[in-house]
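These are my notebook entries from a first pass through the structure. I went through it piece by piece and wrote down what I looked up.

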Amino acid sequence: MFGLRKSDSALLLIVIALTVLAPFILNPFPENSVMAQFNAGYPDLMQRLVIFGIFAIGFNILFGLTGYLSFGHAAFLGVGSYAGVWMIKLLTLNVIPAIVVSVIVAGAFSLLVGWISLRRSGIYFSILTLAFAQMSYALAYSVLTPITGGETGLQPKVGDPRILDAALEEGVTPRANLFGMFMNDSYDMVVGGWIFTFNVGYYIAAICMVLAFYLSIRIFRSPFGLMLRAVKSNQQRLNYTGIESKPYTLAAFVISGMYAGLAGGLLVAMDTQAGAERMFWTASGEVVLMTILGGAGTLIGPVLGAGFIKYFENIVSKINANILETWFSFMPDGLSDVFVGIIYPFIGKGWHLTLGILFMLVVIFLPGGLVQGGQKIAGMFKNKKDGSDSATSSASAAPAE
Amino acid sequence: MEAIVLQILNGLDKGSAYALIALGLTLIFGTLGVVNFAHGALFMIGAFCAVTLSKILTLSHVVIDATKKDFLGNPLKVEVPYIYDFVGENAGNVIIDWAVPLSILFAIPIMVLIGFIMERGLIKHFYKRPHADQILVTFGLAIVMQEVIKYFYGANPIPTPAPEAFKGSLDFGAMLGFEANSIIYPYWRLVYFSFAAVIIGGVFAFLQFTTFGMVVRAGMADRETVGLLGINIDKRFTIMFGLAAAVAGLAGVMYTPINSPNYHMGMDFLVLSFVVVVVGGMGSLSGAVLAGFLLGILESFASMTAVLETLPGINQIIIYLVAIIVLLTRPRGLMGKAGVMEE
Amino acid sequence: MGILEVQNVNKSFGGLKALTNVNLNVEEGMIHAIIGPNGAGKSTLLNCFVGRLIPDTGAVTFDGQSLLGKKPHEINQTGVSRVFQTPEIFSDLTVLENVMIPCFAKRDGAYSLNAINSVRNEKDILEKAEQMLVDVNMADKRDMVASSMSRGDKRRLEMAMCLSQDPKLLLLDEPTAGMARADTNNTIELLAEIQEKRHITMVVIEHDMHVVFSLAQKISVLAQGTVIVEDLPDKIKGHPKVQEAYLGGAH
C-alpha cells in the first residue's frame, strides 16, 4: 500500500487508526467517574500529542538514523512558531500560509545551523547545536523583541494588517481558521456517561502527523535512509566507499528542522502565539527524551515517546495532594499519610522530577526505548511458545526494522 | 582606560566560576572519558550547601522576653538561634555572619561523598557506552538533582550574604593612580577570584607534584597503557570524580553572595561551562582555565554600554559566538591535544 | 607507466620523519606487495594513497591524475578501494545492506538525494549485491547483522564490498593479520582468484611472508621510511639489504 512493504503498511494503518479514534481512546472513562481525571481526550492535549509527535518523528530522522545528537532542535520549532505568527499577523488568519512559511523558515534556519554544526561530530556537534539554540533564545528574549515580542511573546492583535482578510468587526478576537473552520471548534458526542470531543484543530494536526509519519517511513526505507544509517554505523567506511557523508547528514538535519518547523507552525495554528521559552534548551532536551523513550531509530518509537510524555505530563501535573489522599483513603490513616508523602514529590509540580528519573531509567535499562521493551516482552512470550526461535527474534529486534 | 580595567575585573569573578566548573568537567572528561552534564548540578548543590549551613546556624527557638512588650502589651517573643545557647550571643553572631566561608568545611565532605556515589553508582556503568548515552543519563541526573533541590528549597533565589567584613568595595582606581571611585570592586569578588586561583593552583600542584597526580595525568594521556602497567586506575578515577565534584561544589559555595542561588543556576552555568571546555580544548586543563577567564572577561566587555549601543544584545551571545568561531577555525580548541575526541 | 606512481614522497610528524623520498611504481594488473619491519612507514604510505594523510612533498598519481589533496571519497570515486587491517564494515546493518552501499556509491556517485524511492525497488543494485555475495560464498548470510559474524566472515564481507565497486586498484592493509592459518590460506586463494578473474591491481601490505610470496608479483621493501629494494619476489629472497633491514643490521 502506498509503495510500502506489508509491515510498514500495517504500522501506518495502526497510526491512522489511533489518531482518528483518539477522541475515543483517550477518553475511556465516563465523565463523572473517579477515573475521569485520567481522560486525555480534550482538544488542547490531543493537539499537543500529535504536534510533538511530529517534532519527535523529525528529530528521529536525524538522531535515530545518523546518531548525531542535536541539543538545539527546539530552536527550529521556535523560529517556525515566530514565522507562523507573523504570517497570521500580516497575511491572513487562515492557517495554511502560517504552516507553510513555518516549515520554510525553519528549514532555512536549520540549513544555516546545520551547515556550520555538521563540520564537527560527536559531542562537539551537540554543543554547537546547543550554542546556536541558546543564542537564538537569548536574542529572542532581548534584542529581537520587536520581532519576537520578547518576554510577553507574540500574538495576533485586532489591529494587525492581515492584508488577505476582510477587516474584523469591532471587539472580535482574531481566531485562526482553515477556510472558515475555526481551530478551536469542536463537536461533542455524548454517549451515556461519556463525552467524546472532535476538534477541528486536532484533526488538521493529526492529518499532518500521519503525512509526516508516512514520509518518515519512505525516508527510512529509501537509499537515502540506508546511507544515514551507514553514517551512524561507520562513517569512515562510508567515506572510503566513495560517499561524502556531509550532504547526507545536512539533508537529514534540514529535514528534521523542517519537521520541527511544521510542529511550530501547527502550535501557532492552534494557539496563535509564540514565545522564546519554546526555544529553551530544556525544550530541546524534551524532544531528545521523547525519541529515546520511544526508541530512537525505530519508526513508531518517537510517536509513542511523544504521546507517553505529553500524556503523563498532563495527567501527573494535574494530580494534587487532595486527589492522592482520596486514592489512599482506604488505608489506615498513618499508612496513607506515608504513601501520600512518598508519592507527593513526584506529582503536580514535581512532574519534572518524575521525568528526570524516567529519563535515567530508560537510558540505563532500556537504551532501545519502549519499542525495544515491547519487543523483549513479545520475544519472551514467543520463546515460551517456541524456544528454538531465538535467532529470528533477535534479528527482528534490530533497530529500524 | 579605567573602563577597561573595570571590565577585566568584572569579568574575573564570572570567569573564575567558569574556570572552576570547566576544570572539573575537564578532569572528569580527561580521566574517565565521560561527558558529565550533571556537573552544573554539582555547582548548584555546592551553593545550596552554603544555604543549608546558614539555615542550620539560624535555626531558632522562641524565647519570651519579659522585659520588653510588643505593641499589644504582651511579653515580646524573640527568636533566638540555638547557636547562641552553645557559644553565646556574640560568638554566635560571628559564626552566622561567616556562614558562607564556613560552608567550605561543610561542603567538602558532602561534595566528595556525592561524587563518590555518583561515580560508583552510575557513571561507572557508562564508561563503555557511547558519549550520547553519557550525555543523556547525566542530563537526566541533572534534572533530578535540580528538582530535588527545588522541592526542598523552593523555586525562588535564596539570598545568602557574605560576611559583614567583606560587604564593602575596594577602590581600585585610587590604588592604581586613577581618580578615586572610578574603579570600585566589591571585596567579595576579590575573595572569590583569589579563592578560585588557590583552588586551581592546588589542583594543578596536586596533579603535578604528587605520585597520585602523576598517575592520573598518565591516565589522561593514555589510559590503556597505564592500565597495562598494573596500576588500579579505576580507584584513582573515583577519587578524581570526588575531587572534581568538590571543586564544583566549592565554586558554588563561594558564589552564593555574588548571585543568590536558585535551583536552575547549575544548568545556566553548565551550558556555558561546556562551551568554555570546548573553546579551551577538550581534555586540556590549562585550556579550560584559560578559556574560562578569557570568556568571562569577554562577556564583561560585551556588556559595556558603549559596546551594547553598537551591537545590541551582544553580551547575551558573545560566548556562544566565540565558541562557534573557535570550533570552526581551531577544532581542537585553544589548547586541545590531538586525538582527543576527534572523529 | 604504472597505474599508481609515487614520486619523492616525504612525510614527517613533528620531528619524526616517517617517509623519506619514497618512490614506487605499481604496474597495472599486478599484485604489488610492500613489506618491511615494524615502523618502516608502510601504513603511513598507504594512508597517503587514500587521502587520510597528505604528504609534505612529492606526488601520488593514480591512473594519470594526482591524488594529492583529494578527500577519501573522491579518491574512491576514481577507482581505489581499501581493505583495512581490522575489517571496517557497517556493523549495524545486514550483510546485504553492507554490499548495497558501495553499489549505490558506484552508481549514484558521492551523493544523491534518493529519499522517497524504496531500497527494495532498486532492482539493479539488489541484483548486483546479491551476485557479489554469491561470488564470495556468503549468499546464505545475506540477512545477518554484520556485527554478529566471525572475523573471517567480516574480512570476506569487506572484500566483497570493495569488489562490488569494480575498483581499478585495491589496497589491502595486512589482510591476514590475526587470522588462523586456514583462514589465511582461504584469503590467499580468494585474492588469487580475484586477481585471475577480475585483473584488479592490488597493493598489499603484509607481515606474513607466506602470504607475500604466495601472491606478490612484485615486492617493495620499506625500511626506515625509504624503499630500499623494489624487485621480483625471487630476487627479494636472500637480498642482502633486505636481510640487513630485518635482522637489525641497519641500527
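Entry 1, a helix in chain A. I checked the length of helix α12 (residues 281-294) of chain A in this predicted model. At 1.5 Å a residue, its 14 residues should span 20 Å, and the end C-alpha atoms are 20 Å apart, so the two values agree. I then looked at how covered α12(A) is: twelve of its 14 residues are buried. Among the buried ones I listed W281(A), E286(A), L289(A), I292(A) and G294(A). Just after α12(A) I found G295(A), which takes a positive phi of about 135 degrees.

Entry 2, a helix pair in chain A. How do helix α8 and helix α11 of chain A pack? I read an angle of about 170 degrees between α8 (residues 200-221) and α11 (residues 245-271), with the axes 10 Å apart. The cut-off for roughly antiparallel is over 145 degrees, and α8(A) and α11(A) are therefore roughly antiparallel to each other. From α8(A), the residues in contact are G201(A), A205(A), C208(A) and A212(A). On the α11(A) side they meet Y259(A), L262(A), L266(A), A269(A) and M270(A). Sorted by class, this contact holds eight nonpolar residues, one polar and no charged.

Entry 3, where chain B touches chain A. I noted 31 residues of chain B in contact with 36 residues of chain A. On the chain B side, α6 (131-153), α12 (265-280) and α15 (314-329) each supply at least two residues. The largest share, 14 residues, comes from α6(B). By class, I recorded 24 nonpolar, four polar and three charged residues on this side of chain B.

Entry 4, the six-stranded sheet of chain C. Which order do the strands take? I traced β6-β7-β8-β3-β9-β10 in an open sheet with mixed pairing. β6 (80-83) and β10 (226-231) of chain C stand at the edges with a single partner strand each, so one side of each has no neighbour in the sheet. Direction ignored, neighbouring strands are turned by 20 degrees against each other on average. I followed one edge further: β6(C) pairs with β7 (residues 169-173) of chain C in the parallel sense, over four bridges. Within that pairing, S81(C) has L170(C) in β7(C) as its bridge partner.

Entry 5, the four-stranded sheet of chain C. Here I read the order β2-β1-β4-β5, an open sheet with antiparallel pairing. The edge strands are β2 (16-26) and β5 (65-66) of chain C; each has a single partner strand, so one side of each is left without a neighbour in the sheet. Two bridges join β4 (residues 57-62) of chain C to β5(C), and I found Q65(C) to be the bridge partner of F62(C). Helix α1 (residues 42-50) of chain C lies across β1, β2 and β4 of chain C, and runs at about 65 degrees to β2(C).

Entry 6, unusual phi values in chain C. Most residues other than glycine have a negative phi. I noted N8(C), whose phi is near 45 degrees; its place is in strand β1 (residues 4-13) of chain C. D166(C) also has a phi near 45 degrees, and D166(C) is found in the loop between α5 (151-163) and β7 of chain C. Are these residues buried or exposed? N8(C) counts as partly exposed, with 13 C-beta neighbours inside 10 Å. D166(C) is partly exposed, with 13 other C-beta atoms within 10 Å.

Conventions:
Residues numbered from 1 in each chain as written. Chains lettered and ligands numbered in written order. Predicted model: local features only at pLDDT ≥ 70, side-chain atom pairs only at ≥ 80, totals over all residues. Axes fitted to C-alpha atoms, helices over the stretch in contact; angles between N-to-C directions. Parallel < 35°, antiparallel > 145°, perpendicular 65-115°, else oblique. Contact = placed C-beta atoms within 7 Å. Nonpolar A, V, L, I, M, F, W, Y, C, P; charged D, E, K, R; others polar. Pairing = 2+ DSSP bridges. Expected span 1.5 Å × (residues − 1). Buried ≥ 20, exposed ≤ 12 C-beta atoms within 10 Å, placed from the backbone.
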